Number of protein chains: 2
Amino acid sequence: MQQLRVTLRDVAAHAGVHPATASRALSEATRHQVNVETAARVVAAAHELGYEPDLTARTLRTGRTATAAVLIPDLTNPLFPPIVRGIEDTLAERDFTALIANTDNDGGRERRVLRAMRARNVDGFILLTAHRNDETLATLIRDQIPVVTVNRTASGSDVSSVSPDDNAGISAVVDHLVGLGHTRIATIAGPRTLSTGRSRYKAITAGLRKHGLGLPTGRVVFARAFSEDEGRRCMAELLDSTDATAVVAANDTLAVGCLDTLRDRGLRCPQDVSVTGFNDILFMDKLSTPLTTVRIPHTQMGVEAARILLDQMLGRTDATKHAVLPIQLVVRESTAAPKR
Amino acid sequence: MQQLRVTLRDVAAHAGVHPATASRALSEATRHQVNVETAARVVAAAHELGYEPDLTARTLRTGRTATAAVLIPDLTNPLFPPIVRGIEDTLAERDFTALIANTDNDGGRERRVLRAMRARNVDGFILLTAHRNDETLATLIRDQIPVVTVNRTASGSDVSSVSPDDNAGISAVVDHLVGLGHTRIATIAGPRTLSTGRSRYKAITAGLRKHGLGLPTGRVVFARAFSEDEGRRCMAELLDSTDATAVVAANDTLAVGCLDTLRDRGLRCPQDVSVTGFNDILFMDKLSTPLTTVRIPHTQMGVEAARILLDQMLGRTDATKHAVLPIQLVVRESTAAPKR
């Protein structure tokens, strides 16, 4: 289908100038080379005709596309959209557009998305998808493409990152549960292939140790994914193997699954078992048992990531930055003192 | 920052052929012009070097970018991500990439996004943002750019669309409430500037009339947006002006706001007032009062929209299609027989 596009030539004709003059008048960098009145006439003509500069041509000239790719592991997880909003808002301030793509936690799909984005010559990447051992990230680093990881980080590579303070978050959760009188605390840990899984698992071990408590084998189950299904499965496993009075889930989605299993087994939360989450995603305050969780600054994480990436894409710095953002414990009804 | 890209020239050198031969070998359309063994050698070399064709160059050649813009009014509303997933999956089957952008229900932002997408020469648009009187849509139609609207439709223009069966959905809700014994049924209608607001409002009027019931002035409040805040405000207004025993909210987000106001006023749902929603977004089954609502086929709506758009972008048809997808009433705990 033919696109009827207003060209630079149309604008020039309308303003009664040579196309080269119109081009100079329409670029802020070269406008001073043109007579002020002529420039004003060209700008007015462009506006009147609804002229949009063709970025494909601009790309060939500047080598920059003013786009950043944002790779998300699962857009249907409410954790990610507010982060994306922060990214988009901040990129837009510098006239960069976010090209968002889902990888669905699928390696093949992630490779396809990476290929598609690189073929479009995006100027940089924001990865919400990073694995601790991350192939995509390794490729981008090798090719010296600006990249920032958000929420999750990769190990063994020095790449800019923005994360919530996992350690402070889990530590606050443990302090809260111990303060309520819990001593038998179990955890549903996240996947060990993801930094969030690993760091929160390490944080709970450290947090319990601070209170002279341990985390014996029967009180830890590792989820294979941050999903409700895995939360249900892991909670069932914990109930079969331990007498814990509280369960620290590595994120809200797992915690929601926990609540399902408790209800299915005829157990009450928090009377029989206290449950905590992490992230404070949408509607956690409205569940049948409103969830005690750790609120992370979703939008601000996106804002910080976009700022760091813009600095790199615009060549203002090559320095690697690691932003660790403050969290807040939000106590709701899923935690209470243990029965005994 | 310099991007170290493997070029066609590198592939040709590696395979020991002329760049023009390499180019022919790498395109399915021209591969038959090259000796089979040579083509295989070039393809192997491209694979080995990690060659990615430069789409900026391809765009200049074919006039197609293999991208479709997807405009979303609010990515943080859980209604949209599963629709986007259906769109992405279907576009990917034809090697098209979805470029997703948020308009945040903001006219200025929508114009910026439209400009950015057009400057990137996207091949088509999927609008989840359509207003009944839609400026963006008018521009795209004028310029003969392939476009499909999803969920919402525009009036007065013949553009392909994919919608849930609003009429059947609201009709099922009304039948359910009347079946429980309700006769004083009120509604929180959606914004009149959006087709979903208007069509569901018309459907409830028709549905009540079928049962010999009316919808007097005091039993209708129009929300200014599909938001929890507006749900809270409208419910407060209804409680002040009517003795309705059931409230039909035009979507789930409004219904969630209703439930807040009922609780704040010390009223119970469903004992004092029954409440229904529309869409069945994430977690509606897990609310403190699990919501009776209308489930729409989110992912399938995205799939259908992408199929229609692909047909248009690939020039296989100019026909306008309107897909109205079936819905399902999901009865949960927010509805019960009225007290009297």
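How many salt bridges does the structure hold over all chains? The count is 61. Keep in mind as you look around that this is a predicted model. Side chains of opposite charge can pair when their charged atoms come close.

Let's start with one such pair. B:Asp89 and A:Arg109 form a salt bridge, and their closest N and O atoms are 2.4 Å apart. If you trace this pair in the 3D view, you will see that the link crosses between chains: B:Asp89 belongs to helix α5 of chain B (residues 80-93), while A:Arg109 belongs to helix α6 of chain A.

That pair brings us to the place where the two chains touch. Between chain A and chain B there are 12 salt bridges. Another salt bridge to find joins the side chains of A:Lys286 and B:Glu228, with 3.7 Å from N to O. There are also 12 residue pairs in polar contact between chain A and chain B, counting pairs with both residues at pLDDT 80 or more.

Which parts of chain A supply the side that touches chain B? At least two residues each come from α4 (55-62), α5 (80-93), β2 (97-102), α6 (107-119), α10 (228-241) and α11 (252-264) of chain A. The most comes from α5(A), which gives seven residues to this side. Sorted by class, the side of chain A that touches chain B has 27 nonpolar, 13 polar and 21 charged residues.

Now take in the whole contact. Chain A brings 61 residues to it and chain B brings 60. The area buried between chain A and chain B is about 5200 Å², and carbon and sulfur atoms give 52% of that.

Next, let's look inside chain A. Here you can find an open sheet of four strands in the order β7-β6-β8-β9, with parallel pairing. Why is one side of β7 (220-222) and of β9 (274-276) of chain A left without a neighbour in the sheet? These strands stand at the edges and each has a single partner strand, so there is no neighbour on the other side. From one strand to the next, the twist averages 15°.

Zoom in on two strands of this sheet. Strand β6 of chain A (residues 185-189) runs parallel to strand β8 of chain A (residues 246-249), and four bridges join them. As a landmark, look for A:Thr187, which stands opposite A:Val248 in β8(A). Strands of a sheet pair through backbone hydrogen bonds, either parallel or antiparallel.

Helices pack on this sheet too. Helix α9 of chain A (residues 195-210) touches β6, β7 and β8 of chain A, and its direction makes about 170° with that of β6(A). Helix α11(A) touches β6, β8 and β9 of chain A, and its direction makes about 160° with that of β9(A).

Finally, move over to chain B. An open sheet of four strands has the order β7-β6-β8-β9 here, with parallel pairing. Its edge strands are β7 (220-222) and β9 (274-276) of chain B, each pairing on one side only. On average, neighbouring strands of this sheet are turned by 15° against each other, direction ignored.

Within this sheet, strand β8 of chain B (residues 246-249) pairs with β9(B) in the parallel sense over three bridges. You can locate the pairing at B:Ala246, which stands opposite B:Ser274 in β9(B). Helix α11 of chain B (residues 252-264) packs on the sheet, where it touches β6 (185-189), β8 and β9 of chain B. The direction of this helix makes about 160° with that of β9(B).

Conventions:
Residues numbered from 1 in each chain as written. Chains lettered and ligands numbered in written order. Predicted model: local features only at pLDDT ≥ 70, side-chain atom pairs only at ≥ 80, totals over all residues. Heavy atoms only, no water. Contact = heavy atoms within 4.5 Å. Buried area = accessible area lost by both parts, 1.4 Å probe. Salt bridge = Lys/Arg side-chain N within 4 Å of Asp/Glu carboxyl O. Polar contact = N/O pair within 3.5 Å; in protein donor to acceptor, adjacent residues only side chain to side chain. Nonpolar A, V, L, I, M, F, W, Y, C, P; charged D, E, K, R; others polar. Pairing = 2+ DSSP bridges. Axes fitted to C-alpha atoms, helices over the stretch in contact; angles between N-to-C directions.
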